[in-house]
Amino acid sequence: MSRIGKSEISIPNGVEVKISDRNTVTVKGPKGELSQQIDPDIKIVLEDGTITLQRPTEQKRHKSLHGLYNALLRNMVVGVSEGYVKELELVGVGYRANNTGNLLELSIGYSHPVMFYIPDELQLETAMEKGKNPMVRLSGIDKQLIGQVASKIRSFRKPEPYKGKGIKYVDEVIRRKAGKAAAK
């Protein structure tokens with residue numbers, strides 16, 4: 001049995017879960033509302049403040065869908081109750097980040113500033129303190145969307161292994177390489 005699939009999802013106070021006849025699960029909480037279409041083979045059981053997913057057979061397809069939909073529903077419940085945050089750090093001399101609403105402007109060593117519009121579902125904050133690297137902070141309720149947008153921002157200037165310059169996640173560790181001087 002899938003360890004992820006068979007685990008129960010507890011519903012915190014203030015979160016409301018609705019299951020429609022077409023296997024669409026809608027989760028509503030203090031931070032917002034998310035919905036997800038579930039495969040018709042997977043059975044959803046909602047009782048006593050927990051969600052349990054059941055699969056019909058031991059087929060490889062059903063096993064993978066079992067774990068997938070459990071993880072997606074868990075992310076939805078956490079998203080509408082607590083929310084998600086992803087922070088990026090700009091490492092490099094002269095690198096800057098500014099925002100006007102949801103329009104992010106990055107100066108990251110190119111001849112032009114990089115302009116990127118963040119979807120309206122997410123909140124964007126930039127911080128530039130003296131003596132520290134500029135930070136970009138994304139927050140929202142949709143874990144998948146935050147990860148996708150953060151990955152796109154990081155792709156504008158990926159961190160390089162020699163000096164460590166680029167856009168990196170705050171908790172990311174860059175594996176550094178020795179330069180030409182190490183060959184002697």
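A residue is called buried here when its relative accessible area is under 20%, exposed when the figure is over 50%, and partly exposed in between. With that scale in hand, the reader can follow this predicted model from its charged pairs to its nonpolar interior and then to the pairing of its strands.

The structure holds nine salt bridges, and two of them meet at one arginine. In one of these, the side chains of Asp39 and Arg61 come together with a distance of 2.9 Å from N to O. This pair links distant parts of the chain, since Asp39 sits in the loop between strand 4 (32–37) and strand 5 (43–47), whereas Arg61 belongs to helix 2 (residues 60–81), 22 residues apart. Asp39 has a relative accessible area of 14% and is therefore buried, while Arg61, at 41%, is partly exposed. The side chain of Arg61 also forms a salt bridge with that of Asp41, again with 2.9 Å given from N to O. Here too distant parts of the chain are linked, with Arg61 in helix 2 and Asp41 in the loop between strand 4 and strand 5, 20 residues apart. Asp41 has a relative accessible area of 33%, so this aspartate is classed as partly exposed.

Another salt bridge joins Glu129 to Lys132, and in this pair the closest N and O atoms are 3.7 Å apart. Glu129 counts as partly exposed because its relative accessibility is 47%, whereas Lys132, at 57%, counts as exposed. Through shared partners, salt bridges join Asp39, Asp41 and Arg61 into one network.

The surface also has a nonpolar feature, a patch of about 300 Å² made by Leu103, Met115 and Tyr117. Of these residues, Tyr117 is found in strand 10 (residues 114–117), and its relative accessibility of 49% is why Tyr117 counts as partly exposed.

From the surface, the description turns to the interior. The largest nonpolar core has 23 residues, of which Leu106, Leu138 and Ile153 touch the most other members. At least two residues of this core come from each of strand 7 (84–91), strand 9 (103–107), strand 10, strand 12 (135–140), helix 3 (143–155) and strand 13 (166–169). Helix 3 gives the most, with five residues. The surroundings of Leu106 can be listed in detail: leaving aside neighbours within four places in sequence, Leu106 is in contact with Leu90, Arg96, Ala97, Pro113, Val114, Val136, Ile153, Phe156 and Ile167. Apart from this core lies another, of 19 residues, among them Ile9, Ile11, Leu34 and Ile141.

Several of the strands that supply the largest core can also be followed through their pairing. Strand 7 and strand 12 run antiparallel and are joined by six bridges, and within this pairing the bridge partner of Glu87 is Arg137 in strand 12. Strand 7 is also joined to strand 13, by four bridges and likewise in an antiparallel arrangement, with Glu89 standing opposite Lys168 of strand 13. In reading such pairings, it helps to recall that in a regular strand the side chains alternate between the two faces of the sheet.

Definitions and conventions
Residues numbered from 1 in each chain as written. Predicted model: local features only at pLDDT ≥ 70, side-chain atom pairs only at ≥ 80, totals over all residues. Heavy atoms only, no water. Salt bridge = Lys/Arg side-chain N within 4 Å of Asp/Glu carboxyl O. Buried < 20%, exposed > 50% of the residue type's maximum accessible area, 1.4 Å probe, protein only. Patch = residues over 30% accessible without salt bridge, like charges linked within 9 Å, V, L, I, M, F, W, Y side chains within 5 Å. Areas by Shrake-Rupley, 256 points an atom, 1.4 Å probe, with all protein chains shown as cover. Core = buried A, V, L, I, M, F, W, Y, C linked by side-chain atoms within 4.5 Å. Contact = heavy atoms within 4.5 Å. Pairing = 2+ DSSP bridges.
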